[in-house]
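User: I would like to learn how to read the features of a protein model. Please take me through them one at a time.

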Amino acid sequence: MAWLRRDPVRDLTVRAVLFKGTRDLLPIYALYGVLFADHGLSTAQISLLLAIWSVTAFLLEVPSGAWADTVSRRGLLVLSCVLQAACFALWMLAPSFVGFALGFLVWGIAGALESGTFEALVYDDLVAHGEPSAYARIMGWARGAQESTVLVAILAAAPLFALGGYALVGWVSVAVGLLHTLTALALPSAPVAISAAAVDDLDDEPPAGPVGPHVKTGAATVVAQPNSHGTTSSRYLVMLKTGLSEALHVRRVRRGVLLGALLYGVTAFDEYFGLLAVSGGASTSTSALLVGVTVAGSLIGSLLAGRTEVVSSRALAAALFIAGILFIAGALAVGVATGPALVWVGFVGIGIAYGIDFNAEVIAGARLQDAIEGPARATVTSVSGLLSEIVALGVFGFVAVATQWLAMSTTIALLGTVLLVAAALTPTWLPPRHVPARDRTENVTPDQGGEHR
């Protein structure tokens with residue numbers, strides 16, 4: 001009856017897939033850029049809305065991460081789900097610049113509460129079961145589920161819009177947000193993988209031996225019960241200080257934080273894919289299908305992350321370089337298209353590039369989790385999220401200014417150069433891959449792209 005025995009890794013995988021899968025099952029994703037434009041907003045105003053979204057997440061990113069290291073991570077994820085549903089309800093009830101802005105404000109809070117919290121919950125639950133090496137595979141499947149449901153939602157957007165317009169698309173998205181809340185309630189409540197009472201200042205060199213009740217075991221730590229001593233505010237400040245210290249002062253963590261932020265932050269260009277499609281002559285319904293091509297690319301890239309996580313940093317850098325070239329060429333092809341064929345070819349190139357970037361981001365995220373050794377895992381991850389918001393703000397600001405003089409296709413193509421920059425940085429900034437203790441030998445050589453402390 002071995003099949004009846006509970007497999008904690010498989011159980012966590014199912015829960016993570018359900019959570020991420022319902023997070024973006026939102027048909028409004030495919031049309032909200034066009035929704036704003038159809039309600040009279042200019043490209044600059046749309047960029048301002050997106051900036052409000054990012055600034056909100058920017059201001060709350062790290063504080064919410066420290067909060068997630070102090071209180072229930074699952075509880076924060078439930079709150080995040082409720083706020084996300086509230087955003088789309090606001091858009092439907094008040095379809096104006098002010099209503100859209102308030103919605104993005106609420107959505108920004110929701111995103112900040114989730115960012116870093118979900119990743120830390122998953123990794124610490126795996127540490128509790130002695131399986132941290134499964135993190136990349138689980139996150140790849142979870143991200144794949146997320147991208148799959150985005151694709152389903154985008155494909156559903158066209159018939160929903162035809163049947164009931166923006167109202168039906170929006171309220172279906174609200175209902176999905178409430179379903180997402182139920183999946184958050186089903187997540188485990190993993191203990192933090194170290195006691196907050198045993199926090200020492202972290203720097204670029206590890207201590208000579210074990211500190212306090214925890215013992216370093218490569219990239220992971222032995223799970224300890226969360227410290228119940230002291231007030232919540234004092235523990236919050238300890239976690240905030242410790243997470244910031246590790247993110248800033250430990251070289252391989254710092255570089256992993258920066259690389260992950262660059263790879264994820266640059267994906268803010270996907271907010272303009274619908275407008276890019278329309279600028280190439282596509283209709284509103286066809287633009288949703290073209291955006292779906294890019295989502296298919298990110299889906300494939302995410303699902304492959306469990307396999308490609310073992311690649312060297314130089315191989316990953318080469319893939320990112322190819323992605324940059326494909327992205328630039330694809331965007332320019334849409335700009336010069338005189339018919340639908342070249343528009344589709346351009347979006348296929350963009351979709352492949354998008355998939356490579358997503359694959360690299362999952363790998364970089366897994367390597368970062370392996371590199372973190374302190375107790376404030378969600379805080380450190382949130383620092384990367386904070387920096388990704390800065391990159392996203394740069395993308396939004398660049399598009400808002402550049403489109404005053406340049407075509408949308410040229411503007412988006414220029415953003416592809418960021419992938420070339422990421423390719424150049426990956427060989428030195430990607431942290432080394434964690435080798436499970438059972439597979440380690442004294443002669444194992446670390447990945448060429450990382451550093452051992």
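User: In which helix is K20 found?

Analyst: K20 is found in helix α1 (residues 8–23). Helices are DSSP runs of H or I with at least four residues, strands are runs of E with at least two, and both are numbered from the N terminus. Before we go on, two notes on the source. This is a predicted model: local features need pLDDT of at least 70, side-chain atom pairs count only at pLDDT 80 or more, and totals for chains, interfaces and linings use all residues. Residues are numbered from 1 along each chain as its sequence is written, and side-chain values use heavy atoms, with hydrogens and water left out.

User: Is K20 buried or exposed?

Analyst: Start with the scale. Buried means under 20% relative accessible area, exposed over 50%, and partly exposed in between (1.4 Å probe, protein chains only). K20 counts as buried because its relative accessibility is 8%.

User: Which residues is K20 in contact with, leaving aside its neighbours within four places in sequence?

Analyst: Contact means heavy atoms within 4.5 Å. With those neighbours set aside, K20 touches E114, F118, A142, Q146 and T149.

User: What is the general idea of a salt bridge, and how many does the structure hold?

Analyst: Side chains of opposite charge can pair when their charged atoms come close. The cut-off here is a side-chain nitrogen of Lys or Arg within 4 Å of a carboxyl oxygen of Asp or Glu. The structure holds 10 salt bridges. K20 belongs to a network of them, linked with R23, D24 and E114. Within that network, the side chains of R23 and D24 meet at 3.0 Å, N to O. R23 is buried because its relative accessible area is 14%. D24 is at 3%, so D24 counts as buried.

User: Which parts of the chain does the salt bridge of D124 and R73 link?

Analyst: The distance comes first: 2.8 Å, N to O, between the side chains of D124 and R73. This pair links distant parts of the chain, with D124 in helix α6 (residues 117–128) and R73 in helix α4, 51 residues apart. D124 and R73 are both buried.

User: Where do E373 and R252 lie?

Analyst: The side chains of E373 and R252 form a salt bridge at 3.5 Å, N to O. E373 lies in the loop between α14 and α15, and R252 in helix α9 (residues 251–265); the pair links distant parts of the chain, 121 residues apart. E373 counts as buried because its relative accessibility is 7%. R252 has a relative accessible area of 13%, so R252 is buried.

User: How many aromatic pairs does the structure hold?

Analyst: A pair of aromatic rings is described by the distance of the centres and the angle of the planes. Rings of Phe, Tyr and Trp (its six-membered ring) pair if their centres lie within 6.5 Å; planes under 30 degrees apart count as stacked, over 60 as edge-to-face and the rest as tilted. The structure holds 28 such pairs. One of them, F88 with W91, is edge-to-face, at 5.5 Å centre to centre and 70° between the planes. F88 and W91 both lie in helix α4 (residues 73–93), three residues apart, about one turn of the helix. Both F88 and W91 are buried. They also belong to a cluster in which ring pairs link Y29, Y32, F36, W53, F88, W91, F100, F104 and W107.

User: What span does helix α14 reach from its first C-alpha to its last?

Analyst: The expected span of a helix is 1.5 Å times one less than its number of residues. Helix α14 (residues 340–371) has 32 residues and reaches 46 Å, close to the 46 Å expected. α14 is mostly covered, with 23 of its 32 residues buried.

User: Why does I300 count as exposed?

Analyst: I300 counts as exposed because its relative accessibility is 53%. I300 is found in helix α11 (residues 284–303). The C-alpha atoms of I300 and S148 are separated by 9.0 Å, although their positions lie 152 residues apart along the chain. Put exactly, I300 and S148 are 152 residues apart along the chain.

User: Which residues make the nonpolar surface patch of about 510 Å²?

Analyst: Patches are made of residues with over 30% relative accessible area and no salt bridge; like charges are joined within 9 Å, nonpolar side chains (Val, Leu, Ile, Met, Phe, Trp, Tyr) within 5 Å. Accessible areas come from the Shrake-Rupley method with a 1.4 Å probe, and for residues only the protein chains shown count as cover. The patch is made by F398, V401, W405, L406 and L414. V401 lies in helix α15 (residues 377–402). V401 is partly exposed because its relative accessible area is 49%.

User: How many helices and strands are in the chain?

Analyst: The chain has 17 helices and two strands. Of its 453 residues, 54% are buried. The accessible surface comes to about 18000 Å², and 67% of it belongs to carbon and sulfur atoms.
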